[in-house]
Amino acid sequence: MADLWGLMAEFADEQALMAAADQARRAGYRRLDAHTPFPVEGLSEALGHPRTQLPLLVFAAGVAGAVGGFFLQYHASAVAYPLNIGGKPLVSWPAFVPVTFELTILFAASAAVAGMLALNGLPQPYHPVFNVPEFDKASRDGFFLTVESADPLFNSTETRRFLAGLGAAKVHDVLP
Amino acid sequence: MNSPILAPGHSNKTITDKISSLILTRHTPRAWFLGVAAAFGLMMLLLVSVGWLLVRGLGVWGINVPIAWGFAIINFVWWVGIGHAGTLISAILLLMHQKWRNSINRFAEAMTLFAVACAGLFPALHVGRPWKAFYMFPYPDTMALWPQFRSPLLWDVFAVSTYATVSLLFWFVGLIPDMASMRDQAKNRFIQWFYGLLAMGWRGSARHWQRYESAYLLLAGLATPLVVSVHSVVSFDFAVSQLPGWHSTIFPPYFVAGAVFSGFAMVLTLVIPLRKLYGLGDFITDRHIDLMAKVMLATGLIVAYGYAIETFTDWYSGGVNEIAMIRTRMLGPYAWSYWALMGFNVLLPQTLWVKSIRQSTWALFFIAIGVNVGMWLERFVIVITSLHRGALPSSWGMYTPTFWDWTLFLGSLGLFFSLLFLFIRVLPMISIFEIRQLAAEERHG
């Protein structure tokens, strides 16, 4: 059974899944993931996933939007197309605040969405978990824990017994 | 006792089945076809009105000196205002942990997008040569021209386009997990493919959810100041000018409150019949209706305060032109619009203090429509009455909307409702995964 991508255990609800995730992690498994129909608080931490760096990316994009937005207005109003209106200064910065603000938000929000999709590797039309016929429940009422065969501790018989011992209703083979 | 925000006895399975079945399996109600037919007919009227406008030019509208801003600006501000409830419900109520938002945010966000689409139409047409509207964006062109960044009208271009983009992103991100649900519920190959494409391979992985929630929270945090900024910038179109009736520092906050007021009125106008038609009383309960009515009452009071302080400041300033403007507004040829506005926006919402009125969906439906009319009148009063008496009697004039002004306005309603009917037929109008989350929280406290 070396051609397995991994094993998928099905649980009744999010609490059973949380408990199982915690135990699998304690047992030393590292290549773990879970699939749930709604975000479950603390599940990612229980599985040992690192915290996402997305906020940093969004912050950087927001700064880029602010600086770029202000520079755009400065360049247009003072360098490329200077217009003297009633002797007012060319770099009339208070008038540039609204557009700078809007561009900050635009850049940061776009980065939040694009960054989330990119870090998640989406769009991704194919993934081995979709090979499990019962997996369509993951978007409805199914709670799944997966262990990848790439995990150093993985052994198809041992891992299957371990998962069943955690109270899984069913353990499915995941073909690559 | 208050009724719950989710009817008891729902599991993850029943929530998913109920909402997805509205699109996938249940019979489309007859009212939907009638609604689409009416809305599509009005949209064709929009097409004719725009076509005629392009053939003959802006002269087909009733605008002229001194009233050069007519229906186009009134309708623009009205639609943008309506488009504020969606992001308010989605973003601000999310940050404030108001769980009742989960049942109505998807629908309100869709409404926002369609209202902003209608709003964008009017300034683009008002330009006169809409095919050159792209001149407003800063790009290095061969004429070496750059836009005037000191003008509030240009700020508006950035504010409204950013708002439209961010609202679309927020809405789309919220839809991704539900698209996966629809993909997995669908039986037909084509429908699976359609939703599968939109779901982009979403598989509800814990790793994905973590980034997803982080992105969603960040978007909410970014959208919150954005909502406030957009209608503030719209109010700058007026407030930054020196015209009595427009030049007022109360404008930004009172425009924002007015936007939320009209947005909630529109959500109520739409949700009350839809809830009945699709039997969604389990998810959009009487408690939601009651809470929305309270938000309407609160924002209505802020708006009433805005009217009062605006008038007071004009009187207190002692400025001859300010006082003359207030006098003509209240007693001049357009006095009917001012007093109708007071009736619809100040007196009518006071009925919402009464609990039995907040609990009567019929009464609320008509109050909400009254507020929609009132908010439209507010923009009419601001735009028309401030312009119709210049400082010199030689620049006095009257504004009469033409046939094409009215058809374009009705046509924009057609566009709005066509998009809305299409949305409720094709996409889940209630966020499925957020209701599952809500149900889980209710189960475990």
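# A tour of chains A and B

Begin by selecting Phe33(B), which is found in helix α2 (residues 30-56) of chain B. As you look around, keep in mind that this is a predicted model. Phe33(B) has a relative accessible area of 48% and is therefore partly exposed. Add Phe421(B) to the selection: although the two residues are 388 residues apart along the chain, their C-alpha atoms are separated by 9.0 Å.

**Aromatic rings in chain B**

Next, show the side chains of Trp78(B) and Phe409(B). Over all chains the count comes to 52 aromatic pairs, and in this one the ring centres are 5.6 Å apart with the planes at 70°, so the pair is edge-to-face. Because the angle that counts as edge-to-face is anything over 60 degrees, you can check this pair in the viewer by turning one ring until it is seen from the side. The pair links distant parts of the chain, since Trp78(B) belongs to helix α3 (residues 71-82) and Phe409(B) to helix α15 (residues 403-426), 331 residues apart. Is Trp78(B) buried or exposed, and what of Phe409(B)? Both Trp78(B) and Phe409(B) are buried.

Move now to Trp209(B) and Tyr212(B), another edge-to-face aromatic pair, with 5.3 Å from centre to centre and 90° between the planes. Trp209(B) and Tyr212(B) are 3 residues apart in helix α8 (residues 206-239) of chain B, and so they are separated by about one helical turn. With a relative accessible area of 3%, Trp209(B) is buried, and Tyr212(B), at 1%, is buried as well.

Then return to Trp78(B) and Phe409(B) and widen the selection, since both belong to one aromatic cluster whose members include Phe71(B), Trp79(B), Tyr334(B), Trp336(B), Trp376(B), Phe380(B), Tyr399(B), Trp406(B), Phe416(B) and Phe417(B). A charged side chain over a ring can be found at Trp396(B), where Arg389(B) lies over the face of the ring, at 4.3 Å from the ring centre.

**The nonpolar cores**

Which residues touch the most other members of the largest nonpolar core? Select Trp79(B), Phe238(B), Phe416(B) and Met429(B), which hold that place among the 169 residues of this core; Trp79(B) and Phe416(B) will already be familiar from the aromatic cluster. Centre the view on Met429(B) and display its surroundings: leaving aside residues up to four places away in sequence, Met429(B) touches Leu22(B), Arg106(B), Phe107(B), Leu274(B), Tyr278(B), Leu280(B), Phe423(B) and Ile424(B). Apart from the largest core lies another core, of 25 residues, and Ala20(A), Ala21(A), Leu145(A) and Leu163(A) are among them.

**Chain A as a whole**

Those last residues bring you to chain A, which is best seen as a cartoon. The secondary structure of chain A comes to 5 helices and 4 strands, and from the N terminus on the elements run β-α-β-α-α-α-β-α-β. The radius of gyration of chain A is 25 Å, whereas the globule rule gives 16 Å for 176 residues, so chain A is more spread out than a compact globule. Along the principal axes, the C-alpha atoms of chain A fill a box of roughly 80 × 30 × 30 Å.

Colour chain A by domain: domain 1 takes in 6-51 + 125-174, and domain 2 takes in 54-119. The C-alpha centres of domain 1 and domain 2 of chain A lie 44 Å apart. Of the 176 residues in chain A, 47% are buried, and among contacts with a separation of 6 or more, residues 24 or more positions apart account for 77%.

**Backbone details in the loops**

Staying in chain A, zoom in on the peptide bond from Leu122(A) to Pro123(A), which is cis, with omega near -5°. Pro123(A) is placed in the loop between α4 (97-119) and β3 (143-148) of chain A. In chain B, the peptide bond from Val65(B) to Pro66(B) is cis, with omega near 5°, and Pro66(B) sits in the loop between α2 and α3 of chain B.

Two stops remain in chain B. Select Ala144(B), in the loop between α5 (105-126) and α6 (152-185); its phi is near 60°, a positive value in a residue other than glycine, and at 44% relative accessibility Ala144(B) counts as partly exposed. Finish at Met200(B), in the loop between α7 (189-199) and α8 of chain B. Phi of Met200(B) is near 60°, a positive value in a residue other than glycine, and at 13% relative accessibility Met200(B) counts as buried.

Conventions:
Residues numbered from 1 in each chain as written. Chains lettered and ligands numbered in written order. Heavy atoms only, no water. Domains from an automatic or database assignment. Phe/Tyr/Trp six-rings, centres within 6.5 Å; stacked < 30°, edge-to-face > 60°. Buried < 20%, exposed > 50% of the residue type's maximum accessible area, 1.4 Å probe, protein only. Lys NZ or Arg CZ within 6 Å of the ring centre and 35° of its normal. Core = buried A, V, L, I, M, F, W, Y, C linked by side-chain atoms within 4.5 Å. Contact = heavy atoms within 4.5 Å. Rg over C-alpha atoms; globule rule 2.2 N^0.38 Å.
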